[in-house]
Each structure stands twice: as structure tokens, then as C-alpha cells.
Amino acid sequence: MRRKPGSLVPLEASIIGAALELRRLGQDAAHGFLLAKEIQARTGARLLTAYGSLYKALERLERAGLLESFWEDPLIAAEEGRPRRRFYRVTLAGERALAKHGAERLPMQRSMRPGRVTL
Amino acid sequence: MSRARRPPLAMGLVHGWVRLYTAGLPAELRDARREEVAADLWDQASDWRGVEGLGASIWARWLLGIPDDVTWRWAHSRTGHARRKEGAMALARDHRTMTIVVAAVAGAFILGLIALQVVSEIEYRRQVDFAFTPDWRPLFAVMGPVIVGAIVAGFRFMRRAPALGAILVAAGSIAVGIMFYWMSVPLLLALGLSWYAFRRARRMQAGR
């Protein structure tokens, strides 16, 4: 099914939400595993987001201009003896898309659970 | 993860799976995905508290993500296929144009030889028989379709190869003029047609 441009599926909204939360905590850009961990913490899920789902969604968000990515300096990774990480940062369009997503979901949540809406 | 700890079997399996589904993709895309998943696995293993459950978590993340990996691969294969197809079509177009040019030159050469043979034959007949009136119909029967074909092909090629199109139209039109050299109208018509063909080709190229 084709989606409306600018609309988000729940996983995409979770990724942007997690990245913004990490930014609030001082992490300007986050790599895949950090995002997966943050999503798990925020949603209380038992499992971390699957590799395939996470990286496919990240690519989609980047292509839509809602995230931007950059690779870390290979020297840093080499010094620490680990693979190079790719970092993602939420763009202004990403923030707007999440705000719009939240605004669209709010009336639906209200109608489903009257009086129990939490922001 | 403690550096000395042996990575679980699941990690090797995920590495192998990523190598498998990214095989054959453009190097940049392939390496980016491989490196990204490798970094994720490393981070997950180093972040894990204790040894228990790490393998199960990796297995679960891998298995649940397989449908997305497959659709991701399929989407990128399709994009790559479309790009390759476009390149092959451009190559085929160039190849076809070259084939037509070579065929046109070869055809003109052969027709020239035939025409020369026919004219020599007629001259010989005239020398031996003063009452001989040449029958030009066979020559026209051969040359007519070729000339018309050249003009039509010229117009058809105009968008892709304006110069080639104009040359074919001009060659066909001038041939009409030469065959009917005793008539000035076809020659003027030929020149007019060639000029029109050239102008039309330029307009088509400019997208007007």
C-alpha cells in the first residue's frame, strides 16, 4: 500500500522519537544499536528492533529527508578495534513529521481510550 | 563484550546472511549495509550484560528482520535492473543507428554499381542499335522503394540522430531530383524537403 508523503509508520516514528530523546540527553547523533536500545527502553518491548527492519526504516527515513547520516572517522573505529559506525541525526523535516504524526494519532487515541490519554 | 569472549554462533550466521543478501549489489550500498550490521552486532555484544541471552537476542533480531532484508534486497535489485536495462537500451540504440548507417552506405554503394552496370549496358546497346530505346522501369522499380525508404527512415531518425535523419532525407530527395533530372520541380522539392527536415530536426531537439 502506498503511503501519504510525510506520514510515518510506527517504527519510523519510534526511531525519530528515540533519536530526539537521545539528542535531549546530549547525544546529537546516534548509531543503529543505540537507537534500537532507546526504542526498546521507550516502548518497553522485550526484544530489540530486528536488524532488517531497523536498517530498512533508517534508509527510508534518510531518503525522505527526515534523517541525515554520516560515517564516523575510521581512525576512531580502528583505535577502538571495532567496525565503523554510521550515525543518524534528525532533520527539521523529521521533527515536523513526528509532530504531525503525534497530532494525527492523538484524536484516535482519545476516541479509543477516553480520559486516559498521556502525552 | 569482553574482547576475549568468543562471539556466539548467531553472530557468524548474521554476518553470513548479510553477505548473502547484499551479494551482487553496487559496492557502496553493499559495503554500507555490511558495515552497519557488523557495527550493530559488535555494539550489541559489547553492551550485553553477561553471556546469557545474547545469542537468543541476535537470533530473534535476525529472524524477525529476514522479510525486511528480502524486500530491501528485492527493491534494490529492481532499481539496479532498471538502470542496467536503460544502459543496455542506449547501447542497443547506438548499435542500431550504426548498423543503419553502415547498411545505408553499403546499400548505396551496391546500388551505384548496379546503376553503373545498367547505364553501361544501355550505352552499349545504343552503340549497336541506334533504334534502341532503353527501358528504365526496372531501375526505377529498384531505386524507387530505396529512395522512399531513405526519406521515411530519415524522418523517423530525426529525433534520435538529427544529422543522420537530415542526411537520409537529403540523399533520398536529391536522388529523386537526379532520376528525374529533366524536371526542375523534383530537384527544388528535394532541396525544400531537406531544408524542412533539417529545421524540424533542430526544433525536435530543442523540444519545441
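## A:R85 and its surroundings

In this predicted model, A:R85 sits in the loop that links α4 (74–80) to β3 of chain A. Apart from neighbours within four places in sequence, A:R85 is in contact with residues of both chains: A:H31, A:F70, A:W71 and A:E72 on one side, B:A39 and B:D43 on the other. One of these partners, B:D43, is reached through a polar contact between the two side chains, at 2.5 Å.

Is A:R85 buried or exposed? The relative accessibility of A:R85 is 17%, and the limit for a buried residue is under 20%, so A:R85 counts as buried.

## The interface between chains A and B

The contact between the chains draws on 25 residues of chain A and 29 residues of chain B. Together the two chains bury about 2,300 Å², and carbon and sulfur atoms account for 58% of that area.

How many salt bridges are there between chain B and chain A? The count is 5. One salt bridge pairs the side chain of A:K37 with that of B:D47, with an N to O distance of 2.9 Å. Polar contacts between chain B and chain A involve 13 residue pairs, both residues being at pLDDT 80 or more. On the side of chain B that touches chain A, α2 (27–47) and α3 (54–128) of chain B each contribute at least two residues. The largest share of that side is the 14 residues from α2(B).

## A:S53, a second point on the interface

A:S53 belongs to helix α3 (residues 51–63) of chain A. With a relative accessible area of 13%, A:S53 falls under the 20% limit and is therefore buried.

Which residues does A:S53 touch, leaving aside its neighbours within four places in sequence? The contacts are with A:L11 in its own chain and with B:L64, B:G65 and B:D68 in chain B. A:S53 and A:L11 are 42 residues apart along the chain, and their C-alpha atoms are separated by 8.5 Å.

## Helix α1 of chain A and the loop after it

Helix α1 of chain A covers residues 10–24. Its 15 residues should span 21 Å at 1.5 Å a residue, because the expected span counts one less than the number of residues. The C-alpha atoms at the two ends are 21 Å apart, which agrees with that figure.

The buried residues of α1(A) are A:E12, A:A13, A:I15, A:I16, A:G17, A:A18, A:A19 and A:L22. As a general point, an α-helix has 3.6 residues a turn, so residues three or four places apart point the same way.

α1(A) is followed by A:G26, which has a positive phi, near 105 degrees. A:Q27 lies in the loop between α1 and β1 (30–31) of chain A. At 33% relative accessibility, A:Q27 is above the 20% limit for buried and below the 50% limit for exposed, so A:Q27 counts as partly exposed. Beyond its neighbours within four places in sequence, A:Q27 is in contact with A:L22 and A:L34. A:L22 is also among the buried residues of α1(A). Between A:Q27 and A:R89 the C-alpha distance is 9.5 Å, although 62 residues separate the pair in sequence.

## Overall makeup of the chains

Chain A contains 5 helices and 3 strands. Along the sequence they follow the pattern α-β-α-α-β-α-β-α. Of the 119 residues in chain A, 40% are buried. Among contacts in chain A between residues at least 6 apart in sequence, 51% link residues at least 24 apart.

Chain B has 6 helices and 0 strands, giving the pattern α-α-α-α-α-α along its sequence. Of its 208 residues, 30% are buried. Among contacts in chain B between residues at least 6 apart in sequence, 60% join residues at least 24 apart.

## Confidence in chain A

The mean pLDDT of chain A is 86, and 83% of the residues score at least 70. Which elements of chain A have the highest and lowest mean pLDDT? The highest mean, 97, belongs to strand β3 (residues 86–90), and the lowest, 76, to helix α5 (residues 92–112).

Over residues 112–119 of chain A, pLDDT stays under 50. For this stretch the model has 4 contacts beyond four places in sequence.

Technical notes:
Residues are numbered from 1 along each chain as its sequence is written. Chains are lettered from A and ligands numbered from 1 in the order in which they are written. Side-chain values use heavy atoms; hydrogens and water are left out. Helices (H or I, at least four residues) and strands (E, at least two) are DSSP runs, numbered from the N terminus. Buried means under 20% relative accessible area, exposed over 50%, partly exposed in between (1.4 Å probe, protein chains only). pLDDT is the predictor's confidence in each residue, from 0 to 100. Contact means heavy atoms within 4.5 Å. Buried area is the accessible area (1.4 Å probe) that two parts lose on being put together, summed over both. A salt bridge is a side-chain nitrogen of Lys or Arg within 4 Å of a carboxyl oxygen of Asp or Glu. A polar contact is a pair of N or O atoms within 3.5 Å; within protein, one must be able to donate a hydrogen and the other to accept it, and residues adjacent in sequence count only if both atoms are side-chain atoms.
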